[in-house]
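Trainee: Could you take me through the salt bridges of this protein in detail? I would like to know who pairs with whom, and how much of each partner is accessible.

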Amino acid sequence: MASPAIHLENLQFEWTSGRPCLDIASLDVMPGERIFLHGPSGSGKSTLLGLLGGMHLPQTGIIDILSQRLDTLNGAARDRFRADHIGFLFQQFNLIPYLSVLDNVLLPCRFSAYRRNNIAGNVEQEAQRLLAALRIDATLGHRKVTTLSIGQQQRVAAARALIGRPEIIIADEPTSALDASHQQAFIDLLMQECLASASALIFVSHDHRLATSFDRSIALAELNRVSVKVPE
Ligand SMILES: Nc1ncnc2c1ncn2[C@@H]1O[C@H](COP(=O)(O)OP(=O)(O)OP(=O)(O)O)[C@@H](O)[C@H]1O
């Protein structure tokens, strides 16, 4: 059987000493598996995503991503690892406002030779292919990204997360700026692209209607031994 893409073991994390935020006995996510992660506001979903991406380090426990112990790498090595293997999709997009649509999508390939080399042909053509798959017209490629609508910017951010076929895509409420009909279409396109590149997907959302599109739905409260008393 294949090794998990993500393996957590006895993970404990606190932002403030003495006030535990996450205490997770174990979690395995298989390569290509698509997970819907939900839980009340403030329950630690974004914190968990940050740990998976190596942005934070746990106080104790194991974070194993693609058979690499992230918790034993130094900061620079974790940054390198993240750039190579993880595509991030944020609620606020985090696009670079002064760059064009195309240059935003190509950014991960500028930082990571690994992702650049995962593309068989021309990187610009691959960026255009992803944009077209996400229904962004080719004529928009050279426009400054901030001149696009919010929904279009969300799809540009998705193309940027997907380029160079990272093994893991982490999406933190990426559909919150879209209306219901566009949300489902966006998820369908994201799913297709994750399937094509066999990327595991961890997708956080408060909208339970979206859960049916995923292989597995996980309530953070089921994993987290720290009980967080916040209304959902
Ligand atoms: N940078 C930080 N410094 C200190 N505490 C933080 C920081 N980021 C988050 N927290 C705290 O950690 C807890 C979990 O926050 P987190 O953002 O992970 O929750 P969430 O489930 O993603 O919430 P939401 O659904 O509202 O985005 C909260 O109590 C929050 O105040």
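Mentor: Let's start with D207, which has a relative accessibility of 16% and so counts as buried, the cut-off being under 20%. The side chain of D207 meets that of R209 in a salt bridge, with 2.7 Å from N to O. R209 sits on the other side of the scale: its relative accessible area is 59%, so R209 is classed as exposed, a label that needs over 50%. Elsewhere, salt bridges with shared partners join E126, R129 and E193 into one network.

Before we go on, please keep in mind that this is a predicted model. The mean pLDDT of the protein is 93, and 98% of its residues reach 70 or more. The scores for the model are ipTM 0.98 and pTM 0.93.

Now to that network. Within it, E193 and R129 form a salt bridge whose closest N and O atoms are 3.2 Å apart. This pair links distant parts of the chain, since E193 belongs to helix α7 (residues 180-196) and R129 to helix α5 (residues 123-133), 64 residues apart. Here, too, the two partners fall into separate classes of accessibility. E193, at 10%, counts as buried, while R129, with a relative accessible area of 40%, is partly exposed.

A133 is also found in helix α5, and it brings us back to E193. If we leave aside neighbours within four places in sequence, A133 is in contact with L189 and E193. So E193 has a salt bridge to R129 as well as a contact with A133. A133 itself counts as partly exposed, at 24% relative accessibility. To place this region against another part of the protein, take I65: its C-alpha atom is 28 Å from that of A133, and the two residues are 68 places apart along the chain.

The whole structure holds 10 salt bridges, and one more deserves your attention. R216 pairs with E33, their closest N and O atoms lying 2.9 Å apart. R216 is in strand β9 (residues 216-219) and E33 is in the loop between β2 and β3 (34-38), so this salt bridge ties together parts 183 residues apart in sequence. R216 has 30% relative accessibility and counts as partly exposed, whereas E33, at 15%, is buried.

The loop that holds E33 follows β2, so let's finish with the sheet that contains this strand. It is an open sheet of four strands in the order β2-β1-β4-β5, paired antiparallel. Its edge strands, β2 (19-29) and β5 (68-69), each pair on one side only. Between the edges, β1 (residues 6-16) and β4 (residues 60-65) run antiparallel and share five bridges. You can pick out one position in that pairing: Q12 has T60 in β4 as its bridge partner. Helix α1 (residues 45-52) packs on the sheet and touches β1, β2 and β4, with its direction at about 120° to that of β1.

Definitions and conventions: Residues are numbered from 1 along each chain as its sequence is written. This is a predicted model: local features need pLDDT of at least 70, side-chain atom pairs count only at pLDDT 80 or more; totals for chains, interfaces and linings use all residues. Side-chain values use heavy atoms; hydrogens and water are left out. pLDDT is the predictor's confidence in each residue, from 0 to 100. Two strands pair if DSSP finds at least two bridges between them. Helices (H or I, at least four residues) and strands (E, at least two) are DSSP runs, numbered from the N terminus. Contact means heavy atoms within 4.5 Å. Axes are lines fitted to C-alpha atoms, for helices over the stretch in contact, and angles run from 0 to 180 degrees between N-to-C directions. A salt bridge is a side-chain nitrogen of Lys or Arg within 4 Å of a carboxyl oxygen of Asp or Glu. Buried means under 20% relative accessible area, exposed over 50%, partly exposed in between (1.4 Å probe, protein chains only).
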